[in-house]
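Open the model in your viewer and keep the selection tool at hand. The tour below goes from one stop to the next and says what to pick out at each.

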Amino acid sequence: MITLAKNPFYSKYMNMENSIDIKSALEFYLLAGVDETVGESSMSLNTPPEKVVLPISIKAPTSTSASNPIRQATTELAQATVSACQNAHQLCAQAQNLNELRQAVENFDGCALKLTATHTVFGDGNPEAKIVLIGEAPGADEDRVGVPFVGRSGQLLDKMLSYISLDRSKYYITNILPWRPPGNRTPTGGEIAVCLPFLKRQLELINPDYILLLGGSSANALFDNQDPISKLRGHWLEYPLPSGKTAQALATFHPAYLLRNSGQKSKAWADLLKLHKEGVG
Ligand code: URA
């Protein structure tokens with residue numbers, strides 16, 4: 001039995017002894033959005049949480065906010081996002097190689113997702129690769145290990161790529177976001193905007209010939225559009241790099257989508273074959 005503090009919010013799950021059984025506790029945690037454990041020891045719900053310092057500073061409301069506090073908070077959040085983006089751009093300009101960039105991302109405090117993530121998940125693979133693969137954000141497995149695409153999606157991706165003779169010694173793989181959004185929720189536009197400079201700098205430093213966009217989110221973020229993946233996939237896009245080279249980018253379905261919709265795998269195969277025809281793999 002697990003004992004929880006007296007709190008009307010939990011009362012539905014408690015019996016007369018102020019305790020709950022494990023099934024009810026798990027139901028409660030699932031309803032609350034918890035989908036994994038991150039520590040060995042339990043935490044008392046009576047203990048006040050440690051002071052959390054937000055990575056972005058949001059100023060105290062000013063007198064105008066008294067009449068419209070929501071507008072004021074929205075404006076301040078937008079200002080904080082802009083200043084975090086500027087900071088990210090400065091850090092990127094200073095990073096002269098991938099190791100320096102990894103360090104800069106690990107030290108960056110402008111994205112609140114870092115507060116809930118276990119690890120910063122930077123890119124992995126060959127830094128001199130001809131092709132860079134881009135996903136959306138780390139999932140639970142990647143967050144635990146600190147490496148992109150090591151969970152079920154990554155395993156399917158590895159298997160598919162092996163048929164065109166591609167492995168991590170030949171490609172570099174990364175995500176738009178280096179931190180897992182809690183519960184794998186869709187990242188906000190602000191989170192994407194703040195992290196995008198780090199992705200773009202990775203592309204600049206690697207200077208690839210090809211880019212494979214895994215899913216609509218990475219295609220939309222990199223090409224700043226809203227087109228659905230069903231429309232984008234299978235078509236070549238051009239991504240100009242500061243070196244003067246134009247990388248050829250191809251969007252395909254995200255492997256997590258293929259795990260849920262195996263009928264679409266043939267289209268993803270067709271996309272990989274397009275790459276293979278170009279001499280990739
Ligand atoms: N899905 C992603 O988009 N990226 C990962 O690293 C893992 C799963």
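**Stop 1: helix α8**

Select Arg201, which counts as buried because its relative accessible area is 13%, under the 20% limit. This is a predicted model. Now add Glu204, whose side chain meets that of Arg201 in a salt bridge, with 2.7 Å from N to O. Both Glu204 and Arg201 belong to helix α8, three residues apart, or about one turn of the helix. Glu204 has a relative accessible area of 33% and is partly exposed.

**Stop 2: two more salt bridges**

Side chains of opposite charge can pair when their charged atoms come close. How many salt bridges does a search of the whole structure find? The search gives eight, including the one just visited between Glu204 and Arg201.

Select Arg185 and Glu191 next. Their side chains form a salt bridge at 2.7 Å, N to O. Arg185 is partly exposed, at 33% relative accessible area, whereas Glu191 is buried, at 12%.

Then move to Arg168 and Asp124, where the side chains meet in a salt bridge of 2.9 Å, N to O. Arg168 sits in the loop between α7 and β5, and Asp124 in strand β3 (residues 124-125), so this pair ties together parts 44 residues apart in sequence. Asp124 is partly exposed, with a relative accessibility of 27%.

**Stop 3: the second largest cavity**

Rolling a probe the size of a water molecule over the atoms shows where empty space is left. Here the count is two cavities of 30 Å³ or more.

Begin with the second largest, which has a volume of about 40 Å³. To outline it, select Val105, Val121, Phe122, Thr174, Asn175, Ile176, Pro178, Phe198, Leu199 and Gln202. Which element gives the most to this lining of the second largest cavity? It is α8, with three residues. Strand β5 (171-175) and α8 (189-206) each supply at least two residues of this lining. By class, the lining of the second largest cavity has seven nonpolar and three polar residues, with no charged ones.

**Stop 4: the largest cavity**

Clear the selection and pick Leu157, Met160, Leu212, Leu214, Thr252, Phe253, Pro255, Leu258, Ala268 and Leu272, which line the largest cavity. About 50 Å³ of space lies inside the largest cavity.

Colour the model by secondary structure to see where this lining comes from. At least two residues of the lining of the largest cavity are supplied by each of α7 (152-162), β6 (210-214), α11 (255-260) and α12. Nine residues of the lining are nonpolar, one is polar and none is charged.

**Stop 5: Asp271**

Stay with α12 and select Asp271, which is found in this helix (residues 265-277). Is Asp271 buried or exposed? Asp271 counts as buried, because its relative accessibility is 1%.

Show its surroundings next. Apart from neighbours within four places in sequence, Asp271 is in contact with Arg233, Gly234, Leu250, Ala251 and Thr252. One of these contacts, Thr252, also appears in the lining of the largest cavity. With Thr252 still selected, bring back the lining residues from the previous stop, among them Ala268 and Leu272, to view the cavity and the contacts of Asp271 together.

Methods. Residues numbered from 1 in each chain as written. Predicted model: local features only at pLDDT ≥ 70, side-chain atom pairs only at ≥ 80, totals over all residues. Heavy atoms only, no water. Helix = DSSP H or I, 4+ residues; strand = E, 2+ residues; numbered from the N terminus. Buried < 20%, exposed > 50% of the residue type's maximum accessible area, 1.4 Å probe, protein only. Contact = heavy atoms within 4.5 Å. 1 Å grid on protein atoms, 1.4 Å probe; cavity = no way out; pocket = protein on both sides within 12 Å on 5 of 7 lines; lining within 4 Å. Points joined across faces, edges and corners; volume = space filled by probe spheres on them. Nonpolar A, V, L, I, M, F, W, Y, C, P; charged D, E, K, R; others polar. Salt bridge = Lys/Arg side-chain N within 4 Å of Asp/Glu carboxyl O.
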